[in-house]
Amino acid sequence: MRFWLKDSERRPDPLPARANARKAVAAGSAGWLAMLVLAVVFRAELNDAGLGWWLWCAVIGLGLGLCGLGFVLLRRH
């Protein structure tokens, strides 16, 4: 096997894969929402363990996910 090919020997690059970014960003945002719900339910236990910042991490993650979803939707049009 050779690691270097001349340009004349190379095959053409494949076309980029089509993906639905809206579904990917929505799934990530749903994951952050689930984390937020769990962090609110177990807030006392998280604070006792010194992990109260997980709640704010989930809030920020969900906020960024919603911003990303808005960006993806605006970019489509």
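Three helices and zero strands make up the secondary structure of the protein chain in this predicted model. Reading from the N terminus, its elements follow the order α-α-α. The chain does not gather into a ball: its radius of gyration is 21 Å, well over the 11 Å that the globule rule gives for 77 residues, so it is more spread out than a compact globule. Along the principal axes, the C-alpha atoms fill a box of roughly 65 × 40 × 15 Å.

Here are some whole-chain values to keep beside the structure.

| Property of the protein chain | Value |
|---|---|
| Share of the 77 residues that are buried | 13% |
| Exposed area | about 6,800 Å² |
| Share of the exposed area from carbon and sulfur atoms | 68% |
| Distance between the centres of positive and negative side chains | 12 Å |

The contacts are worth a look too. Among those in the protein chain with a separation of 6 or more, 62% join residues 24 or more positions apart.

As for charge, the chain carries 10 positive side chains and 5 negative ones.

Now let us turn to the aromatic residues. The structure holds one aromatic pair. Its partners are Trp53 and Trp54, which meet edge-to-face, with 6.1 Å from centre to centre and 85° between the planes. Is Trp54 buried, partly exposed or exposed? Its relative accessibility is 31%, and because the partly exposed class runs between 20% and 50%, Trp54 counts as partly exposed.

Definitions and conventions: Residues numbered from 1 in each chain as written. Predicted model: local features only at pLDDT ≥ 70, side-chain atom pairs only at ≥ 80, totals over all residues. Heavy atoms only, no water. Phe/Tyr/Trp six-rings, centres within 6.5 Å; stacked < 30°, edge-to-face > 60°. Buried < 20%, exposed > 50% of the residue type's maximum accessible area, 1.4 Å probe, protein only. Helix = DSSP H or I, 4+ residues; strand = E, 2+ residues; numbered from the N terminus. Rg over C-alpha atoms; globule rule 2.2 N^0.38 Å. Contact = heavy atoms within 4.5 Å. Areas by Shrake-Rupley, 256 points an atom, 1.4 Å probe, with all protein chains shown as cover. Lys, Arg positive; Asp, Glu negative; His and termini not counted. Charge placed at Lys NZ, Arg CZ, Asp CG, Glu CD.
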